[in-house]
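Let's go through this structure together, one feature at a time. Have the sequence and the model open side by side.

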Amino acid sequence: VRYNTLEFPSYDEFDGKLSMDQYLVVMKLAAILRVGNALDRSHKQKFEEMKLSLKDSTLTITTNYDGDLMLERSILEAKSRFFEEVYGIRLQIRQKRK
């Protein structure tokens with residue numbers, strides 16, 4: 001949880017407290033947590049009903065939410081860089097209009 005908001009440190013900065021495998025697990029979990037928090041930044045469950053689609057290294061997150069997603073889009077843009085670095089997958093949000 002610490003690395004949700006803090007910059008993720010290099011492996012050497014852990015001073016042997018984690019194995020390389022443990023370090024990679026923490027890195028992957030931090031990337032997922034950052035995305036999850038970005039998608040619920042307003043705490044209004046705008047992505048309560050969503051669909052995910054992976055195509056050509058792009059994960060499209062589609063929501064039925066009709067309202068404004070500007071806050072979530074901007075936060076996700078900032079947080080998704082780390083996710084893309086870790087997983088090699090680009091994230092995008094799509095709204096399915098009713």
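**Salt bridges first**

A: Let's begin with charge pairs: the structure holds two salt bridges. Keep in mind that this is a predicted model.

Q: Okay, how do I read a salt bridge, and which side chain does Glu72 meet in one?

A: The general idea: side chains of opposite charge can pair when their charged atoms come close. Here, Glu72 pairs with Lys46, at 3.2 Å from N to O. Glu72 sits in helix H2 (residues 70-87) and Lys46 in the loop between H1 and strand E1 (50-55), so this bridge ties together parts that are 26 residues apart in sequence.

Q: Are Glu72 and Lys46 buried or exposed?

A: Both are on the buried side of the cut-off, which is under 20% relative accessible area. Glu72 counts as buried because its relative accessibility is 0%. Lys46 has 9%, so Lys46 counts as buried too.

Q: And which residue does Glu77 form a salt bridge with?

A: That one goes to Arg81, with 3.9 Å between the closest N and O atoms. Glu77 and Arg81 both belong to helix H2, and they are four residues apart, about one turn of the helix. Arg81 has a relative accessibility of 54%, so Arg81 counts as exposed.

Q: Let's zoom out. How many helices and strands does the protein chain have, and in what order do the elements run?

A: There are two helices and three strands. Starting at the N terminus, the order reads α-β-β-α-β. The C-alpha trace spans about 50 × 30 × 20 Å along its principal axes. Of the 98 residues in the chain, 34% are buried.

Q: Now the strands. Which way do the side chains along strand E3 (residues 90-95) point?

A: The general idea: in a regular strand the side chains alternate between the two faces of the sheet. In E3, Leu91, Ile93 and Gln95 point to one face and are buried, whereas Arg90, Gln92 and Arg94 point to the other and are not.

Q: How many bridges join strand E2 (residues 58-63) to E3?

A: Six, and E2 and E3 run parallel. For a spot to look at on screen, try Leu59, which stands opposite Leu91 in E3. Ile61 is also worth a click: Ile61 lies in strand E2, and its relative accessible area is 2%, so Ile61 is buried. Ile61 and Met50 are eleven residues apart in sequence, yet their C-alpha atoms are 6.6 Å apart in space.

Q: What about the surface? Which residues form the nonpolar patch?

A: Look for Val25, Leu29, Ile32 and Tyr87, which together have about 350 Å² of accessible area. Helix H1 supplies the largest share of this patch, with three residues. Ile32 is found in H1. At 44% relative accessibility, Ile32 falls between the buried and exposed cut-offs, so Ile32 counts as partly exposed.

Q: Which residues gather in the patch of negative charge?

A: Four acidic ones do: Glu7, Asp12, Glu13 and Asp15, on the surface. Take Glu13 as a test case. Glu13 lies in the segment before helix H1 (20-39).

Q: Why does Glu13 count as exposed?

A: The cut-off for exposed is over 50% relative accessible area. Glu13 comes out at 55% relative accessibility, so Glu13 counts as exposed.

Terms used
Residues numbered from 1 in each chain as written. Predicted model: local features only at pLDDT ≥ 70, side-chain atom pairs only at ≥ 80, totals over all residues. Heavy atoms only, no water. Patch = residues over 30% accessible without salt bridge, like charges linked within 9 Å, V, L, I, M, F, W, Y side chains within 5 Å. Areas by Shrake-Rupley, 256 points an atom, 1.4 Å probe, with all protein chains shown as cover. Lys, Arg positive; Asp, Glu negative; His and termini not counted. Charge placed at Lys NZ, Arg CZ, Asp CG, Glu CD. Buried < 20%, exposed > 50% of the residue type's maximum accessible area, 1.4 Å probe, protein only. Pairing = 2+ DSSP bridges.
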